[in-house]
Protein chains: 2
Amino acid sequence: MPTSVTVLAPATVANVVCGFDVLGFALSEPVDTMHFRLTDTPGVTIINEDAFNLPTEPARNVAGAALLALLREAPGVGVEMRISKAILPGSGIGSSAASAAGAVVGANVLLDNRFSREELVRFAMFGEEVASGAQHADNIAPCIYGGVTLIRATDPLDIIPLPAPPLWVSVVHPQIEVKTADARAILKQQVPLRAAIRQWGNVGGLVAGLFMNDYDLIGRSLEDVIVEPVRSMLIPGFDEVKQQSRAAGALGGGISGSGPSIFMLSRDEATARAVAGVMEQVYDRLGIERLTYVTTINTQGVQVL
Amino acid sequence: MPTSVTVLAPATVANVVCGFDVLGFALSEPVDTMHFRLTDTPGVTIINEDAFNLPTEPARNVAGAALLALLREAPGVGVEMRISKAILPGSGIGSSAASAAGAVVGANVLLDNRFSREELVRFAMFGEEVASGAQHADNIAPCIYGGVTLIRATDPLDIIPLPAPPLWVSVVHPQIEVKTADARAILKQQVPLRAAIRQWGNVGGLVAGLFMNDYDLIGRSLEDVIVEPVRSMLIPGFDEVKQQSRAAGALGGGISGSGPSIFMLSRDEATARAVAGVMEQVYDRLGIERLTYVTTINTQGVQVL
């Protein structure tokens with residue numbers, strides 16, 4: 001049983017187009033780096049090694065709150081975390097989920113992996129609660145399981161890991177702020193039955209496409225008639241990015257999480273790089289600073305070094 | 001190229017619980033028997049060999065309207081159909097779809113299979129229009145393709161045949177009338193976003209369960225929080241049938257089509273027979289005449305003899 005360990009906790013995309021609140025996947029990069037050490041003093045110690053100036057009081061820190069939830073079931077244990085985040089908070093690619101998931105996976109290694117992946121998701125959801133006020137699992141699950149995950153239901157929690165063919169992901173993070181509270185408030189609480197039916201037809205098509213390695217079906221199913229038409233209004237350049245990405249060969253994509261990042265899926269690296277190129281051009285023309293990533297779906301989830 | 005042929009057109013279940021308007025499957029029985037013969041007179045001749053007294057004027061007959069649609073693309077051809085229906089009209093297990101699908105599959109054999117399955121679905125939808133006023137494909141597609149089908153979208157039509165593990169089906173048809181118009185009028189045209197999300201989580205889970213042969217996941221996903229709570233009010237005994245079927249070992253199930261039939265899925269024949277037994281008991285207690293079927297998912301669709 002090691003007394004120290006380092007893990008890499010990846011960024012994730014939740015709200016995968018038609019799969020609002022149920023589908024997510026892990027990215028190969030960016031990743032947060034987190035070092036763990038057992039200590040003689042029970043409880044959680046947090047050392048931030050990045051410039052984000054996040055709280056070090058465990059109950060107010062996303063990673064800390066997740067770890068506290070785990071330690072409630074492992075009393076007497078002390079863990080020190082040194083955290084170096086590379087996933088920007090507020091980017092919409094699961095920064096808080098990476099902190100929370102990394103914390104519980106790292107601590108679990110030091111506890112001889114006594115907790116199951118599903119238990120780890122439950123602990124990490126306490127971290128998400130600190131970040132957003134809600135215990136959602138749609139970034140946490142892919143971060144811990146890797147690959148694509150379906151949250152079939154939340155009460156009780158039912159996580160279904162899904163297969164996927166090789167997929168490349170282009171992500172653009174325009175440097176604007178979309179407050180999660182705004183992104184929620186803008187959603188209509190009632191939706192037309194016709195639109196809901198179209199959405200669940202697409203969810204069925206997307207899941208089937210992932211199982212069948214059917215890229216065309218995946219592309220046709222990447223359509224969101226409920227959330228995207230509303231939320232995309234908060235992201236300047238969204239329609240242009242989407243249209244030009246498709247023209248550049250992307251299978252499809254949409255808002256990552258609640259934004260402002262936008263992701264697009266492609267069959268191969270060359271297409272994904274071309275897509276990232278058009279994403280950059282759109283924001284350069286709009287005069288908005290942006291970061292882009294060209295990466296793949298991370299099938300492993302949090303990596304233990 | 002044969003000048004005559006006989007086909008068996010199976011019953012189907014549409015609106016598969018969470019998969020309202022998108023998921024359907026074919027049953028091994030009951031089946032309609034249809035005999036076809038090329039004639040020298042262009043057009044459609046219908047001879048009813050059953051006691052349902054359905055219209056013989058082609059444009060007003062479900063099978064006739066489907067066949068007329070096909071013959072618009074095969075001008076000059078004459079086909080005589082002798083129809084012996086075993087699937088009761090108004091049962092909710094795809095009686096009109098069997099007529100329409102059988103008609104076009106049978107005629108296509110006589111035309112050396114010149115039309116694709118998707119074209120046949122399009123022709124058969126004209127039959128459904130005669131039956132219900134709407135061109136829906138959710139019974140037609142499984143009737144023609146066999147197995148389980150997903151109608152991802154209707155505009156344009158996108159049919160995805162899905163795999164399935166061996167499944168037994170118990171169907172009870174209580175001898176009451178549920179008017180399709182009533183079953184439609186009772187639906188709310190706006191649904192809560194939370195319920196829609198739960199529904200598409202279940203659709204994703206059901207499709208994944210079918211691919212993974214995961215009976216437990218299939219069972220957990222057979223939940224409809226949108227349509228069933230409303231439509232089941234039109235079917236006396238529904239809640240009792242559902243609850244007792246689950247207690248007898250059924251994976252789950254719900255209203256077939258727009259009712260009044262109720263179907264339940266089971267892993268094996270013994271369970272499916274026990275489920276049919278409790279279905280019968282419920283309606284016997286209620287003093288409502290009923291028919292039951294214990295059958296399997298028909299992987300072939302319309303069978304050409």
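Colleague: What does B:Val109 touch, not counting residues up to four places away in sequence?

Modeller: B:Val109 touches B:Pro2, B:Val5 and B:Val304, where a contact is two residues with C-beta atoms, placed from the backbone, within 7 Å. This is a predicted model, in which local features need pLDDT of at least 70, side-chain atom pairs count only at pLDDT 80 or more, and totals for chains, interfaces and linings use all residues. Residues are numbered from 1 along each chain as its sequence is written, while chains are lettered from A and ligands numbered from 1 in the order in which they are written.

Colleague: And how far apart are the C-alpha atoms of B:Val109 and B:Val5?

Modeller: They are separated by 7.4 Å, although the two residues lie 104 residues apart along the chain.

Colleague: Which helix is B:Val109 in, and is B:Val109 buried or exposed?

Modeller: B:Val109 is found in helix H2 of chain B, residues 95–110, helices being DSSP runs of H or I with at least four residues and strands runs of E with at least two, numbered from the N terminus. B:Val109 counts as partly exposed because 18 other C-beta atoms lie within 10 Å; 20 or more would make a residue buried, and 12 or fewer exposed.

Colleague: Switching to the two chains, how many residues does the contact take from chain B and from chain A?

Modeller: The contact takes 35 residues from chain B and 35 residues from chain A.

Colleague: Which element gives the most to the side of chain B that touches chain A?

Modeller: That is H6(B), with 14 residues. By class, that side of chain B has 20 nonpolar, 9 polar and 6 charged residues, counting Ala, Val, Leu, Ile, Met, Phe, Trp, Tyr, Cys and Pro as nonpolar, Asp, Glu, Lys and Arg as charged, and the others, Gly among them, as polar.

Colleague: In what sense do strand E8 of chain A and E8(B) pair?

Modeller: Strand E8 of chain A, residues 190–192, pairs with E8(B) in the antiparallel sense over 3 bridges, pairing being called when DSSP finds at least two bridges between strands. In E8(B), B:Pro192 is the bridge partner of A:Gln190.

Colleague: What turn lays chain B on chain A?

Modeller: A turn of 180 degrees with a shift of 0.0 Å along the axis does so, at an RMSD of 0.0 Å, after least-squares superposition on the C-alpha atoms of residues with pLDDT of at least 70 in both copies. That is the relation of a two-fold axis. The same surface serves both copies, as 100% of the contact residues of chain B recur in chain A.
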